[in-house]
Amino acid sequence: MLVAGIDIGSITTEALLLDEEKGILGYTIMQTGADSKRTAELALDKVLAYPKKNIKDLSYIVATGCGRKRAEFANQTITEITCIARGINYVFPEVRTVIDIGGQDTKVIRIDEKGRVVEFEMNDKCAAGTGRFLEVMAHALNVDIDKIGDLSLKHKKELTISSICTVFAESEVISLVSEGEELEDILYGIHKAIADRTLGLINRLGGIQKDVAMAGGVAKNMGVVKALENALGVEIKIYVEPQIIGALGAAIIALEKVS
Amino acid sequence: MAEFVGFTTTIPVEIIFAGGYVPVDLNNVFITDSDPMRFIDIAEKDGFPRNMCNWIKGIYGVVKERKIQTVIAVMVGDCSNTHALSEILTHKGVKVIPFAYPFDRDRESLNREIEKLMRIFRVDHEKLTKVQKEITTVRKILNRIDRLTYKEGVVSGYENHLWLVRASDMMGDYENYGKMARSFIQKIKNSKKREGIRLAYIGVPPIIPDFYDFIEEKGGFVVFNEIQRQFSLPFFGGNIVDRYIKYTYPYGIFARIEDIKREIRKRNVRAIIHYVQAFCFRIMEDIILRDSFNLPILTIEGELPKPLDTRMKLRIEAFLEMLRSND
């Protein structure tokens with residue numbers, strides 16, 4: 001038996017196949033682009049290609065993410081908050097707090113021992129403190145987005161970016177550049193700003209409960225991870241591929257539906 | 001034809017009716033219009049900033065477009081932006097009558113404010129008592145609609161919201177509003193009982209048109225609309241001062257918490273949705289509210305009179321999924 005989970009996010013789409021033993025048979029990560037419906041179909045085709053299967057071999061498909069309604073082939077849609085909780089619980093059963101920072105959302109989810117959501121918080125309309133914020137800053141500094149996290153770890157000064165708004169923070173960063181501040185120090189300030197913003201959401205949930213894990217694309221940025229670890233005073237667990245957690249949770253729910 | 005008297009939030013409407021005027025809750029005109037964005041545009045074109053409460057801009061747009069000559073502005077007990085709004089309206093030639101609910105809920109101060117309104121609208125006690133009695137009959141019908149929501153389950157959360165929120169001006173004609181409410185009850189009283197996760201809606205009424213529909217579509221059932229119920233003044237004994245001193249909305253968060261606690265117990269509420277308006281000072285009160293109830297709370301921040309966006313939908317849907325999974 002084979003099931004699939006598909007997570008259609010604002011920036012990337014992930015599709016994942018799970019067998020009846022909850023073994024991951026394969027996954028794929030694609031840029032969502034402008035046509036999320038088409039991307040969802042392509043992602044599913046791609047993940048099915050390696051084990052030489054097709055959609056008829058799937059017993060159940062659960063779609064999640066902000067574009068979940070666009071996956072017309074799915075049997076069910078479930079929010080990413082529920083799916084991330086289930087995905088993290090599968091890979092790290094001891095985790096009780098999940099921080100998910102994606103392209104445009106930051107979510108902090110408190111979960112129980114079964115991976116059920118107990119409480120959650122999410123940033124509002126503003127994209128400050130999300131992946132998009134990092135992209136804008138990397139662009140303003142003319143640095144590759146994949147390198148900014150490691151560069152920030154080489155900082156010598158603890159610069160502060162005080163603006164919360166992405167647009168204002170960009171102006172602040174440009175001012176720091178013209179004042180001759182070092183790139184690594186500015187990047188440290190940017191990553192610290194994300195950690196502070198996330199801390200605000202965590203505090204709304206009354207603080208963290210251990211263990212803590214991170215999911216979403218921004219979990220690959222060690223600058224953010226270290227800044228959060230320093231702010232929280234705990235070690236953060238990160239799965240080998242943090243971007244597939246939502247799709248994994250969706251696939252686990254799909255499996256439960258048919259078994 | 002009787003003159004319209006606009007107001008910025010619920011005031012002792014009995015006085016306006018007793019004076020022979022037509023009360024107009026400016027918020028209701030704004031939000032029930034088929035194109036409420038138009039009123040916001042009017043205000044922004046006149047220089048209101050984009051990053052401020054859209055209810056205030058909507059009220060301004062309504063006064064300007066409908067050429068309302070007299071506005072009662074609630075200066076204490078509602079929104080701090082009303083100060084500047086009333087100054088702008090005065091500057092534009094509108095007659096502004098300030099009204100203040102005493103922050104300390106002092107009976108004497110409230111009595112003075114009510115007496116002041118009575119003088120302005122030339123209403124004596126005899127006339128007021130008569131109108132008050134008639135309006136109480138209507139308020140009792142609205143109270144029945146509320147009971148039919150949480151006890152019988154035959155009134156939807158949206159219908160409950162609508163009937164109670166419009167009680168602030170009773171659509172300008174309380175006798176007709178009473179008739180409409182009675183015929184609504186006749187129509188729905190034998191309807192099928194609604195099921196769903198029992199929710200409380202607390203905070204100011206939503207600016208978003210499809211808020212209740214979406215909650216219901218996803219399996220929620222709003223059995224308590226906090227502020228809307230307060231707007232219907234469900235307090236039946238005593239005189240007009242007694243009634244408006246029991247009204248919780250203008251007297252700060254602690255007056256409200258007491259009422260919410262009592263009602264969520266009575267209505268067997270499973271979780272709370274706290275609505276806040278973008279750029280409103282009440283967003284800060286969310287801190288206190290979150291510490292005050294032993295129930296899951298979802299805070300939703302609305303801004304424009306437009307349908308729910310994807311992010312708001314995600315929150316509501318995830319919240320209901322969470323409640324269902326923990327059943």
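Q: Hi! What covers the buried residues of α1(A)?
A: Hello! This is a predicted model, and in it the cover over those buried residues of α1(A) includes four strands of chain A: β1 (2-8), β2 (12-19), β3 (24-31) and β4 (58-64).

Q: And which residues of α1(A) are buried?
A: They are A:Ser36, A:Thr39, A:Ala40, A:Ala43, A:Leu44, A:Val47 and A:Leu48. Looking down the axis of α1(A), you would find its buried residues within an arc of 165°, so they line one face of the helix.

Q: How many residues does that helix have, and how far does it reach?
A: Helix α1 of chain A covers residues 36-49, which is 14 residues. From its first C-alpha to its last it reaches 20 Å, close to the 20 Å expected at 1.5 Å a residue.

Q: OK, zooming out: what does the domain assignment of chain A give?
A: It gives domain 1 (2-85 + 244-258) and domain 2 (95-238). Their C-alpha centres lie 27 Å apart.

Q: How many residues does the contact take from each of them?
A: Domain 1 of chain A gives eight residues to the contact, and domain 2 of chain A gives 14 residues.

Q: Switching to chain B. What order do the strands of its open sheet have?
A: The order is β2-β1-β3-β4 in chain B, four strands with parallel pairing.

Q: Which strands stand at the edges?
A: Those are β2 (22-25) and β4 (95-100) of chain B. Each has a single partner strand, so one side of each is left without a neighbour in the sheet. On average, neighbouring strands of this sheet are turned by 30° against each other, direction ignored.

Q: How many bridges are there between β3 and β4(B)?
A: Six bridges, in the parallel sense, with β3 of chain B running over residues 70-76. For one bridge, B:Val71 has B:Val96 in β4(B) as its partner.

Q: Which helix packs on that sheet?
A: Helix α6 (residues 107-120) of chain B does, touching β3 and β4 of chain B. The direction of α6 makes about 155° with that of β4(B).

Q: Where is B:Lys116 found?
A: B:Lys116 is in that helix, α6 of chain B.

Q: Why does B:Lys116 count as partly exposed?
A: Because its relative accessibility is 22%, while buried means under 20% and exposed over 50%.

Q: Last one: what distance separates the C-alpha atoms of B:Lys116 and B:Phe99?
A: They are separated by 8.8 Å, with the two residues 17 residues apart along the chain.

Technical notes. Residues are numbered from 1 along each chain as its sequence is written. Chains are lettered from A and ligands numbered from 1 in the order in which they are written. This is a predicted model: local features need pLDDT of at least 70, side-chain atom pairs count only at pLDDT 80 or more; totals for chains, interfaces and linings use all residues. Side-chain values use heavy atoms; hydrogens and water are left out. Two strands pair if DSSP finds at least two bridges between them. Helices (H or I, at least four residues) and strands (E, at least two) are DSSP runs, numbered from the N terminus. Axes are lines fitted to C-alpha atoms, for helices over the stretch in contact, and angles run from 0 to 180 degrees between N-to-C directions. Contact means heavy atoms within 4.5 Å. The expected span of a helix is 1.5 Å times one less than its number of residues. Buried means under 20% relative accessible area, exposed over 50%, partly exposed in between (1.4 Å probe, protein chains only). The arc is that of the directions from the helix axis to the C-beta atoms. Domain bounds come from an automatic or database domain assignment.
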